[in-house]
Amino acid sequence: MTYKGAIVDETGKLNNFAVEPKVYVDVQGDRTGFTPYAELLNGRLAMIGFISLIALEVFTGHGIFGFLQNL
């Protein structure tokens, strides 16, 4: 006898783990792993960080370590 996805055996005990859930594959698309999108995004963020460090040095006259020491 089944009861809402569980099985009641002949002794009247409820077994919640007798019926296995349906297995499915979650499709995440092309935005995970080493994909061209991820590589483009990583490259763009690296360029923004590099330009930011150059701008920091130009405007303050110190590198990143000198800037952090003055805080």
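I began with the order of elements: from the N terminus on, the protein chain runs β-β-β-α-α. I counted two helices and three strands in the secondary structure. I noted that this is a predicted model.

**Confidence**

I looked up the pLDDT next. The protein chain averages 80, and 79% of the residues score at least 70. Which elements sit at the two ends of the confidence range? Strand 1, residues 2-3, is lowest with a mean of 52. Helix 1, residues 36-60, is highest at 92.

**Helix 1**

I checked the length of helix 1. It has 25 residues, and at 1.5 Å a residue they should span 36 Å. I found its end C-alpha atoms 36 Å apart, which agrees with the expected span. Just after helix 1 I came to Gly61, which takes a positive phi of about 85°.

I then picked Ile54, whose place is in helix 1. Is Ile54 exposed, partly exposed or buried? Its relative accessibility is 41%, so I entered Ile54 as partly exposed. I also looked at Ile54 together with Ile64: the two are 10 residues apart in sequence. In space, I have them 9.4 Å apart, C-alpha to C-alpha.

**Surface**

I turned to the surface of the protein chain. It exposes about 6,900 Å², and carbon and sulfur atoms supply 64% of that area. Of the 71 residues in the protein chain, buried residues make up 6%.

Which residues make the nonpolar surface patch? I listed Leu53, Ile64, Phe65, Phe67, Leu68 and Leu71, and the patch they make covers about 640 Å². Helix 2, residues 64-69, gives the most to this patch, with four residues.

I looked at one patch member, Leu71, separately. Leu71 is found in the segment after helix 2. Why did I enter Leu71 as exposed? Its relative accessible area is 73%, and the cut-off for exposed is over 50%.

Key:
Residues are numbered from 1 along each chain as its sequence is written. This is a predicted model: local features need pLDDT of at least 70, side-chain atom pairs count only at pLDDT 80 or more; totals for chains, interfaces and linings use all residues. Side-chain values use heavy atoms; hydrogens and water are left out. Patches are made of residues with over 30% relative accessible area and no salt bridge: like charges are joined within 9 Å, nonpolar side chains (Val, Leu, Ile, Met, Phe, Trp, Tyr) within 5 Å. Accessible areas come from the Shrake-Rupley method with a 1.4 Å probe; for residues, only the protein chains shown count as cover. A salt bridge is a side-chain nitrogen of Lys or Arg within 4 Å of a carboxyl oxygen of Asp or Glu. Buried means under 20% relative accessible area, exposed over 50%, partly exposed in between (1.4 Å probe, protein chains only). pLDDT is the predictor's confidence in each residue, from 0 to 100. The expected span of a helix is 1.5 Å times one less than its number of residues.
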